[in-house]
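User: I would like to learn how to read the contacts in a protein model. Could you walk me through them, one feature at a time?

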Amino acid sequence: MNWNGVAHLRTYLPSVLKANSPEPIADIIVADNGSTDDSLAVLAKEFPSVKTIVLDKNYGFAEGYNRAIGKLSELRGQKSETEPEYIVLLNSDVEVTEGWLNPLLDYMDTHADVAAVQPKIRSWRNKAFFEHAGAAGGFINALGYPYCRGRVLWHVEEDKGQYDTPIEVDWTSGACMLVRTQVYKDCGGLDASFFAHMEEIDLCWRMRNAGWRLMCLPQSVVYHLGGGSLAYESPRKTYLNHRNNLLMIHKNKQHPGGVLLIRFFLDYAAALFYLLQGRWAACKAVFQARRDYHKLLETKA
């Protein structure tokens, strides 16, 4: 998925092409989410072998992927019943490694009860360390907060092989996720109302509620820049994370009332923390997130 990411295309797309040669095992498709920079021109000139799906505007990560996946059969010139068995959600700021896709495909081919898998995700900036978005497998605690092996809050660990065992997880990272196409569709795809952030965690929760398993396979490694669209300190990111996390809990957790009550107090404690730090915009973002969460519930009722 690309949005005004021409620099990312030039930096990271070559690794995807290199890993897919000399004998291609996958179609490489860039879905462009209404870019206004030179992304499409660069793709046509510098990456002519790459197929493109051009969306008319920026639909966000969630709906952008839904629309792009809906156009796959049209792009491939095939009927919907022969659509690909698997799809890979891959951020435009991910560098893949040689042979990264094979362990993921092999595992899915031999484990029919698994809906999605992710590789080990390390930082592109510091390749010895894990990256925030996915690390070595994602989990959700009792209060609905996501966390990862190799990362707690903003602290990431150095990868010393401590998480090299495949493990069943609560969620697989949207930065790099191989998922069964039909399961993706049967479970409703990514929720467009999320726009971006935690939408893959919500989808994974729905897949698990439907009886599917999810895995992290550290035998595959990729490197993620992170913060390619929104910086970690962005008030917009704070807003989306708070709003979407509440919506995800409401949608997926059995008897969420008690958790949401606790989160009411924790969210405003976070707002106070931001205020004391002088981060006025982040404090305001928490209030806006809670307001808009309730508005979204009204639209979904």
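**Reading the contacts**

Analyst: Let's start with one residue: Phe 273 has a relative accessibility of 47%, so Phe 273 counts as partly exposed. Buried means under 20% relative accessible area, exposed means over 50%, and partly exposed lies in between, using a 1.4 Å probe and protein chains only. This is a predicted model, so local features need pLDDT of at least 70 and side-chain atom pairs count only at pLDDT 80 or more, while totals for chains, interfaces and linings use all residues. Residues are numbered from 1 along each chain as its sequence is written, and side-chain values use heavy atoms, with hydrogens and water left out.

User: Which strand does β1 pair with, and in what sense?

Analyst: Helices (H or I, at least four residues) and strands (E, at least two) are DSSP runs, numbered from the N terminus. Two strands pair if DSSP finds at least two bridges between them. Here β1 pairs with strand β2 (residues 51-55) in the parallel sense, over 5 bridges. One of the bridges joins Ile 29 to Lys 51 in β2. Strand β1 covers residues 29-33, and 4 of its 5 residues are buried.

User: What do β1, helix α2 and β2 make together?

Analyst: They make a right-handed β-α-β unit, with α2 spanning residues 39-46. To judge the hand, point the strands away from you: a crossover is right-handed if the path from the first strand over the helix to the second runs clockwise.

User: How many salt bridges does a search of the whole structure find?

Analyst: A salt bridge is a side-chain nitrogen of Lys or Arg within 4 Å of a carboxyl oxygen of Asp or Glu. The search finds 16. A good one to begin with is Glu 63 with Arg 67, at 3.1 Å from N to O. Both residues sit in helix α3 (residues 60-70), 4 residues apart, which is about one turn of the helix. Arg 67 has 36% relative accessibility, so this residue is partly exposed.

User: Which salt bridge partner does Lys 120 have?

Analyst: Lys 120 meets Asp 159, with their closest N and O atoms 2.8 Å apart. This pair links distant parts of the chain, 39 residues apart: Lys 120 is in strand β5 (residues 114-123), and Asp 159 is in the loop between β9 (155-156) and β10 (167-168).

User: Why do Lys 120 and Asp 159 get the label they do?

Analyst: Lys 120 is buried because its relative accessible area is 4%. Asp 159, with a relative accessible area of 13%, is buried too.

User: And how many aromatic pairs are there?

Analyst: Rings of Phe, Tyr and Trp (its six-membered ring) pair if their centres lie within 6.5 Å; planes under 30 degrees apart count as stacked, over 60 as edge-to-face and the rest as tilted. By this rule there are 8 aromatic pairs. Among them is the tilted pair of Phe 130 and Tyr 163, with 5.8 Å between centres and 50 degrees between the planes. Phe 130 has a relative accessible area of 1%, so Phe 130 is buried. Tyr 163 is also buried, at 19%. Rings can group as well: Phe 264, Phe 265, Tyr 268 and Phe 287 form one aromatic cluster.

User: Where does Lys 127 lie relative to Tyr 223?

Analyst: A charge sits over a ring if NZ of Lys or CZ of Arg is within 6 Å of the ring centre and within 35 degrees of the ring normal. Lys 127 lies over the face of Tyr 223, 4.7 Å from the ring centre.
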